[in-house]
Amino acid sequence: KLKQWYQRRVRGYTQFKAMRRQIFSRVLREVGWEKRETDGHTDSLLRNMLIGTLGVSDDREVIDKCEELFKQHVSGDAQIAADYRGSVYRTVCRAGGEEATTICWNFSRKLIFMRNGIGYRELSVLVPVPS
């Protein structure tokens, strides 16, 4: 509800998201999704911020990549890099609809019980309990 309230009251919200996509997608292409040997801690922070911002800005390329990473993570085929795991979760849960939200919620509950190293802060980015 807060998001809808905000969108109604801010002029140009759609244009603002388009501008964010245009600027930050170029930077993400330069930084890349994979960590390089030359990356410092600020590169990891930047990568996480870019993925999160582009996900919230409805960047289709980032959403698709996040969904792909999440599916591999849930199936056990691959791990999502810890540097941007929370942004991937948030993007998938936000963009994926009811089915993805339910999967995210169930997966987060499983992780809490397994205590496999995922921090509670990362799990807090998930959407509220689906009804």
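A residue counts as buried when its relative accessible area is under 20%, as exposed when that area is over 50%, and as partly exposed in between, with a 1.4 Å probe and protein chains only. By this criterion Tyr84 is buried, because its relative accessible area is 4%.

The structure is a predicted model, in which local features need pLDDT of at least 70 and side-chain atom pairs count only at pLDDT 80 or more, while totals for chains, interfaces and linings use all residues. Residues are numbered from 1 along each chain as its sequence is written, and side-chain values use heavy atoms, with hydrogens and water left out.

**Overall content and confidence**

The chain has seven helices and zero strands. Helices (H or I, at least four residues) and strands (E, at least two) are DSSP runs, numbered from the N terminus. In order from the N terminus, the elements read α-α-α-α-α-α-α. The chain has 131 residues, and 34% of them count as buried.

Confidence is given as pLDDT, the predictor's confidence in each residue, from 0 to 100. The chain average is 80, and 80% of the residues score at least 70. Among the elements, helix 3 has the highest mean pLDDT (93) and helix 7 (residues 120-123) the lowest (50). Over residues 127-131 the pLDDT is below 50, and this stretch has seven contacts in the model beyond near neighbours in sequence.

Contact means heavy atoms within 4.5 Å. Of the contacts in the chain with a separation of 6 or more, 56% are between residues 24 or more positions apart.

**Helix 3 and helix 4**

The axes of helix 3 (residues 41-56) and helix 4 (residues 60-75) come within 8 Å and cross at roughly 110°. That angle makes helix 3 roughly perpendicular to helix 4. Axes are lines fitted to C-alpha atoms, for helices over the stretch in contact, and angles run from 0 to 180 degrees between N-to-C directions. Angles under 35 degrees count as roughly parallel, over 145 as roughly antiparallel, 65 to 115 as roughly perpendicular and the rest as oblique.

Ile51, Leu54 and Gly55 of helix 3 make the contact with Val62, Ile63 and Cys66 of helix 4. By class, five of these residues are nonpolar, one is polar and none is charged. Ala, Val, Leu, Ile, Met, Phe, Trp, Tyr, Cys and Pro count as nonpolar, Asp, Glu, Lys and Arg as charged, and the others, Gly among them, as polar.

The loop between helix 3 and helix 4 contains Asp58. Phi of Asp58 is near 65°, a positive value in a residue other than glycine.

**Individual residues**

The table lists location and relative accessibility for four residues.

| Residue | Location | Relative accessibility | Class |
|---|---|---|---|
| Ser25 | helix 2 (residues 13-31) | 15% | buried |
| Asp58 | loop between helix 3 and helix 4 | 31% | partly exposed |
| Tyr84 | loop between helix 4 and helix 5 | 4% | buried |
| Ala95 | helix 5 (residues 85-95) | 30% | partly exposed |

Leaving aside residues up to four places away in sequence, Tyr84 touches Trp33, Glu34, Arg47, Asn48, Ile51 and Leu69. The C-alpha atoms of Tyr84 and Gly52 are separated by 8.2 Å, with their positions 32 residues apart along the chain counted as the spacing. With neighbours within four places in sequence set aside, Ser25 is in contact with Arg20, Leu54 and Asp59. For Ala95 and Cys66, 29 residues apart along the chain, the C-alpha separation is 9.9 Å.
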